[in-house]
Each structure stands twice: as structure tokens, then as C-alpha cells.
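Here are a few exercises to work through with the structure open beside you. Try each task yourself before reading its solution.

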Amino acid sequence: MINVNVVWIKRDARTHDHGPLRYAAENPEQCIVLYVYEKDQLLQPSLHGSHVSCVNEGLTDLDSRLSVATGSHVSCVNEDLIDLDSRLSVATSLVDCYQPLRTLTVCYSTILQVLTMIHTKFSIKALLAHEETGHYSSYQRDRRVRAWCKQSGIKMMEFEQSGVTRRLGDRDDFSKLLNAFMAKPQHPPILGDSFKDKIIRVGLGLPGQCESLLCPTSLTEIPAENSGDRESRQVGGETEALRTLSGFLESRGKNYSRGISSPNSSWDSCSRLSIFLAWGHISVRYVVQAVRRRQAELKALKSRGVHIDECWGRSLSAFQSRLHWRSHFMQKLESEPLLEKKDLCPSYQHLRRGTGDFNADFYEAWKLGRTGFPFLDACIRCLIKHGWLNFRMRAMVVSFATYNLWLDWKKIAPHLARLFLDFEPGIHYPQLQMQSGTTGINAMRVYNVTKQGKDQDPRGEFVRKFVLELRSVKDEFIHEPWKMTKKDMARCKVQVGTPDEARTLFGGGVVETGDYEYYPGPIVNEKESAKAAKDKVAAVRNMTSTKREAEVVFEKHGSRKGTSDYRKTKGGGKKVKVGVEVRAAGAAGGEEKAMGQKSIIDMFAGKGGGKKNAREGGGEEAVELEVDNEGGIKTWTCTTCTFENTKVHAPVCEVCCCSRAS
Ligand SMILES: Cc1cc2nc3c(=O)[nH]c(=O)nc-3n(C[C@H](O)[C@H](O)[C@H](O)COP(=O)(O)OP(=O)(O)OC[C@H]3O[C@@H](n4cnc5c(N)ncnc54)[C@H](O)[C@@H]3O)c2cc1C
């Protein structure tokens with residue numbers, strides 16, 4: 001039987017700085033470059049057709065790079081493409097993703113079924129992949145793959161790519177390790193000629209094997225309403241990634257620092273690299289090292305007397321710190337794989353989850369950008385159309401949902417994930433929790449959307465671009481159209497709704513406005529709703545037990561940099577006992593017994609505790625998980641705190657200890 005290495009492509013379709021491909025290229029065995037549309041992973045509610053299309057673009061680019069002659073793609077690195085808007089068109093017009101594949105082996109199945117079949121036809125010597133910090137389900141899948149490899153005598157090699165450290169006990173050494181990773185030489189790029197003869201494409205016969213990539217609408221796991229594409233979005237793929245980076249470092253990046261806050265200027269001033277980083281079309285180390293080279297180049301030019309705009313220095317260091325944040329946030333999910341499902345600080349677990357807390361009408365209005373707050377609605381509609389928004393506005397969108405509308409972050413998470421073309425679980429969930437105030441270690445951030453609108457979009461350009469109903473409203477009312485008199489409304493032919501009409505609309509009704517445009521009135525009183533929410537969050541925050549829990553969270557997840565957000569309450573790793581107070585905070589019905597004296601460190605790190613990471617070797621490893629016939633994990637959702645429990649026979653919820661029957 002022929003020995004082969006299998007390179008398993010996940011979020012890493014690229015030829016630069018690719019450890020698994022490089023390893024395969026340097027070893028004598030032939031190689032299968034495999035991508036699987038994984039039926040179990042496609043079930044994630046966070047998935048959107050635009051994600052699949054973007055992945056397809058990355059795979060198409062990789063397929064072509066691996067099959068063409070050496071160096072033919074390199075020229076694009078030097079192209080200066082500043083006009084980002086011109087490239088924001090739906091990919092299919094630019095990239096034909098549905099041509100027969102030349103180098104990649106692609107299947108629509110589960111990874112284990114595919115690997116098992118490959119192993120019957122060939123002898124797999126090594127399975128090569130990148131480490132992934134993804135959803136809990138991908139973490140479980142990776143464990144199953146590792147177990148299968150071990151059982152089958154196959155070497156599994158996982159390469160670092162995002163600067164997170166596995167088995168990191170606390171944050172003390174995080175930055176040191178991250179800096180060392182970023183400074184390491186990259187894996188040399190894979191050039192078609194040197195590698196393509198080594199690649200074998202398995203003949204038909206693998207489970208669900210496809211001749212070409214699959215259109216998202218043909219993946220039946222994705223509900224039809226989520227399988228479409230965005231009207232106009234960035235195109236994925238390594239070629240685009242390298243161009244975008246080049247354009248940013250050559251020109252756009254100069255304005256980064258002063259341009260990131262407004263949704264108008266951030267469009268060009270931000271790097272716009274997030275989609276490529278998220279889907280692995282470029283590596284974060286590649287970007288970090290390119291920035292360092294550019295900094296050195298600018299410094300050298302300056303020392304030779306060339307005038308260099310001083311914005312460059314500030315902008316490139318601000319950009320570098322964002323790249324550092326990327327790994328910082330991803331490390332949180334790496335160290336705490338359940339962060340997608342439960343609040344980092346357990347005291348907040350019951351907040352926004354009481355009876356009557358979830359208002360479905362508010363959720364619908366927020367989801368569609370029909371809240372009656374123009375700037376907020378414009379942000380949501382921008383996401384619906386383009387799949388991208390700058391950081392400040394994303395934070396505001398979450399703050400409005402979780403404070404003003406008092407919606408649970410877990411309820412809004414899947415919709416936002418689908419809207420973000422750059423959906424990255426390791427940034428998404430920690431950010432959602434941070435913006436909704438449930439981490440215990442971050443300052444409470446409540447954005448006033450009307451003020452943000454006036455500050456960041458003073459002339460209402462952004463609002464008019466996305467809330468077309470308001471395009472003829474005067475500047476003075478653009479962020480507060482409800483302040484218009486009847487006369488003002490008549491002048492611009494816009495009718496702004498009343499609360500009664502808003503209720504009609506919630507019921508699916510229509511408001512007759514004749515030849516007037518209709519725009520809803522504000523669905524909540526902005527100031528009052530924010531105040532009520534802040535009071536509720538502050539009440540939990542001020543409890544002694546919450547503060548103690550926050551120390552534990554800080555120990556494991558807090559940045560060691562001296563920012564004001566992170567309270568330096570490091571408690572020397574002491575175990576903190578929690579009991580009655582936490583139960584009272586949770587108002588979970590007074591069953592104090594099961595929570596008992598369990599230590600929070602035990603709860604977070606699992607039975608192993610100490611320096612072990614929950615992903616690897618900690619308590620999570622010790623838990624026996626039950627799986628259903630499809631290989632999915634059986635779970636039950638707690639009706640009190642909504643935590644998805646994986647211990648199927650446990651009589652009480654793992655987090656709030658409420659009885660399963662209640
Ligand atoms: C609730 C919420 C959810 C978010 N979800 C995601 C997500 O799923 N995927 C994602 O890539 N970003 C996410 N972000 C972070 C940020 O908004 C985006 O990274 C940024 O807007 C992407 O645009 P850019 O590449 O032009 O960013 P730039 O400002 O040019 O930054 C460069 C890179 O640094 C990283 N970065 C920037 N800001 C942050 C941050 N605050 N935290 C962590 N990393 C950062 C990203 O990888 C980004 O691509 C989220 C922010 C919030 C508030």
C-alpha cells in the first residue's frame with residue numbers, strides 16, 4: 001500500500017506560512033490535500049452561506065496556486081490596490097469556484113468517514129493540520145480525530161497558527177510566548193512546481209467526494225434562510241489577502257489611527273484583513289512580520305531625510321496592538337472552550353435569562369435594523385448588505401441589544417456570527433461577553449447610540465446610505481427623526497412612527513403612509529432602558545462573591561498589560577470558595593446544596609485544575625461525553641440559566657445547579 005501524508009485544510013487555505021503543507025512538501029511521501037464540508041460542523045447556527053462562499057474562494061485560490069507554475073502569483077503582492085470599494089462585489093463575478101478541482105480532494109461527509117476510507121486505500125503516515133480554536137463542536141471533533149489517529153497508529157501533527165498557547169494555565173507568560181511565536185521565521189511558501197507532482201487526487205470512491213466545490217445552497221445542513229450570500233462583500237482567497245495587506249501597508253494604513261472609529265472612514269482606514277485572518281487565507285504571523293518590515297522601511301527612509309507622515313508611526317503601532325488583541329481574545333476561548341455557552345463570571349449566568357426577559361419583538365426589530373434608532377439600524381443594515389462593520393460600531397450594536405433591549409448575548413450570538421463575514425469564534429464570544437458585561441473583569445460599556453451617531457456620522461452620510469427611508473431628512477434630525485414636527489415630516493415626506501404603530505408592526509401589520517416613507521419610532525426610551533440595565537448589571541457586579549469570581553477570571557484570562565479595564569486583582573492563585581452568595585445572585589430558586597463548596601477554579605479548570613488547560617488534559621478531558629448516532633454530542637439545556645449541559649445523566653445543571661426537571 002502507498003504511504004501518504006494527508007494535509008487537512010480547515011481554516012487555512014493558503015500557501016504562505018503553512019506548516020502542514022511545508023512538512024508534506026519536505027517529506028518523501030505523496031500527499032493528499034483534503035478539504036471536507038463537514039456535515040456535523042455545518043449544523044452550527046453561526047454558519048452563513050457567505051462564509052461558505054468565502055471559504056470556497058480560498059479553496060479555489062489554493063487549488064490554482066498549487067497547480068500553476070512557480071511564482072506566477074507573487075506579483076500580486078506588490079500591487080497597490082487602494083480602491084477597496086471596487087472589489088466589494090460578490091465573489092462569483094470574479095472567481096469561478098465551481099470549476100473541476102486540480103489538486104484538492106474535497107468531500108461532503110464527516111472527517112472521520114473520509115479518513116477511514118483513505119486509510120483503507122492508502123496507508124496514512126501522518127495527518128497534518130493546524131490547531132483550531134473554534135466552536136465547542138469542533139473541539140470535540142478534534143478530540144475524536146486525535147483518538148482515531150492514535151487507535152489507527154497514525155501520527156497526528158498540529159501546527160500553531162494564531163499565537164495561542166495550548167495548555168496555558170494562566171496569563172503570566174502569554175505575551176512572552178506570543179512574541180516568541182510572532183518572531184519565529186515563517187514556514188517558506190509552497191510553490192506549485194515543487195509540490196504539485198507530489199499531490200495525488202484520490203479517484204472517486206471517498207464518501208461524498210466532489211469533483212468541484214459545493215455551492216452553499218446545496219449543503220442541506222444550512223437552513224435555506226441562511227444559505228444565501230451578501231449583496232456585496234469582500235472576496236476571499238490568498239491573492240486578495242496579499243493585495244489587501246499590500247494596499248494597507250503602502251497607503252491606506254496611514255489613516256488607521258484616526259479613521260477606525262467612524263463607520264465612514266473605517267471602511268478604507270481599517271486593514272480589512274479580518275476575513276482573510278478568520279478563514280486562514282493569510283496568517284497572523286505573516287501580517288505581523290510584514291508590519292515590522294514596513295516600520296523598519298519607514299524608519300530607514302526617515303533617517304535618509306525622506307518626509308514620512310507622522311501618522312504612520314501611530315497607526316502602525318495601533319494596528320499592531322489590534323493584532324495582539326486578536327491572539328489575546330482567542331486565547332480566552334482556547335483556555336475556556338465552554339465560553340461560547342456560559343458566562344465567564346458565573347454570577348452573571350442568570351442575568352437577562354429570567355421569565356419575561358426575552359422580548360421577541362425587540363429581537364426581531366434589532367435583527368432587521370428597524371429599532372427606530374437610525375444609526376443603530378444603519379449599522380445592522382450595513383452588516384446585512386456587506387458582512388462587515390468597524391469595531392466600535394459592532395460593540396455598540398451589542399451594547400444596544402444587551403443593555404437597552406435586555407437581550408441575552410447567547411440569543412444574539414448566532415445572528416451576529418452569520419452577519420460577520422469574518423466570524424472568528426475566539427474573538428466573537430469573548431467580545432460578546434465583554435460588551436454585555438458578563439466577564440467580571442471588564443469595565444461596563446454602554447453606548448448611547450444617538451450620541452455615537454452624532455459623533456461618528458455627524459452629517460448622517462452613513463445613515464442615509466443604509467436607511468434609505470431617511471435620505472431626505474435634514475442633518476439636524478437625521479439621528480433623532482422622532483423630534484421632527486408634522487411640518488418637518490411633510491417637508492421630507494417621511495412619517496416617523498409612534499409607539500402604537502410600532503406595536504402594530506411587531507404584530508406583522510403595515511402602517512399606511514400614502515406617498516410618505518415610513519420609519520418606526522424608537523422602540524425603547526434610550527436613557528431609561530440603559531439606566532435600568534446598568535443598575536441590574538451593577539447589582540451583580542458589586543457583590544462580594546462576584547468580585548471573588550472576577551479574581552479567578554482575571555488570573556486565567558486577564559491581560560497583564562496595564563489597561564484600565566483589567567482590574568489587577570490577582571489573588572495569588574488562591575482557590576475561592578463559593579456558596580450561598582453566588583446562589584443568591586443567581587436567584588435560581590434557593591437550592592444551595594449542589595453548588596455547595598465547589599471551588600470556582602475546579603469549575604473552570606475541571607478536576608485537573610492547576611496549570612492545565614480545559615482544552616487539553618484538564619477537567620474537560622476527564623468528562624465522558626455521550627454522542628448520538630451522527631457523532632454529535634448529546635446535551636440538555638437548563639431551563640433556568642440556558643446552559644447546554646453535556647453530562648446527560650446529571651440531575652442538576654452543571655452551572656446553576658437547578659434541578660433538571662424544574
Ligand atoms: C461583539 C464583537 C464581535 C466581534 N467578532 C469578531 C469576529 O467574529 N471576527 C473578527 O475578526 N473580529 C471580530 N470583532 C473584532 C473587530 O470588530 C474586527 O476584528 C474588526 O472590525 C475587523 O476589521 P479589520 O480587519 O479591518 O480590523 P483592523 O482594525 O484593521 O484590525 C486588524 C485585525 O486585528 C484583529 N482585531 C481588531 N480588533 C480586534 C478586537 N477588538 N478584538 C480582537 N481582535 C481584533 C482582527 O483580526 C483584525 O482583522 C468583534 C468585535 C465585537 C465588538
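**Exercise 1. The two domains**

How far apart do the C-alpha centres of domain 1 and domain 2 lie?

*Solution.* Keep in mind that this is a predicted model. Start with the bounds: domain 1 covers 3–241, and domain 2 covers 360–526. Their C-alpha centres lie 36 Å apart. Next, turn to the contacts between them: 16 residues of domain 1 are in contact with 11 residues of domain 2. On the side of domain 1 that touches domain 2, the residues divide into 3 nonpolar, 10 polar and 3 charged.

**Exercise 2. The nonpolar core**

Find which residues have the most contacts inside the largest nonpolar core, and work out where this core lies.

*Solution.* The largest nonpolar core has 133 residues, and V6, V7, L34 and C379 have the most contacts inside it. Now look at where its residues come from: domain 1 and domain 2 both contribute to this core, so it lies between them. Take V6 for a closer look. Leaving aside neighbours within four places in sequence, V6 is in contact with I32, L34, I118, I124, L127 and L128. As general background, nonpolar side chains tend to be buried together in soluble globular proteins.

**Exercise 3. The annotated binding site**

Which residues does the UniProt annotation "binding site" cover, and are Y256 and F319 buried or exposed?

*Solution.* According to the unreviewed UniProt entry, the annotation covers Y256 and F319. They span 64 residues in sequence, yet their C-alpha atoms are no more than 7.4 Å apart, so they gather at one spot.

- Y256 lies in helix α8 (residues 256–259). Y256 has 24 other C-beta atoms within 10 Å; the cut-off for buried is 20 or more, so Y256 is buried.
- F319 has its place in helix α12 (residues 311–335). With 23 C-beta neighbours inside 10 Å, F319 counts as buried too.

Finally, compare contacts, not counting residues up to four places away in sequence. Y256 touches S269, C270, S315, A318 and F319. F319 is in contact with G253, Y256, S271 and V291.

**Exercise 4. The shell around the ligand**

Describe the residues that surround the ligand, and say which elements give two or more of them.

*Solution.* Count first: 27 residues surround the ligand, and the closest are C270, S271, S274, F391 and Q431. The elements that give two or more residues to this shell are α10 (274–278), α12, α15 (391–404) and α17 (425–436). Then sort the shell by character: 15 residues are nonpolar, 6 polar and 6 charged. To link back to the previous exercise, C270 is one of the residues that Y256 touches, and S271 is among the contacts of F319.

Technical notes. Residues are numbered from 1 along each chain as its sequence is written. This is a predicted model: local features need pLDDT of at least 70, side-chain atom pairs count only at pLDDT 80 or more; totals for chains, interfaces and linings use all residues. UniProt positions are given in the numbering used here, feature names are shortened, and annotations may be inferred rather than shown by experiment. Helices (H or I, at least four residues) and strands (E, at least two) are DSSP runs, numbered from the N terminus. A residue is buried if 20 or more other C-beta atoms lie within 10 Å of its own, exposed if 12 or fewer, and partly exposed in between; C-beta atoms are placed from the backbone. Two residues are in contact if their C-beta atoms, placed from the backbone, lie within 7 Å. A residue is near a molecule or strand if its C-beta atom, placed from the backbone, lies within 6 Å of it. Ala, Val, Leu, Ile, Met, Phe, Trp, Tyr, Cys and Pro count as nonpolar, Asp, Glu, Lys and Arg as charged, and the others, Gly among them, as polar. Domain bounds come from an automatic or database domain assignment. A nonpolar core is a set of buried Ala, Val, Leu, Ile, Met, Phe, Trp, Tyr and Cys residues joined through C-beta atoms within 7 Å.
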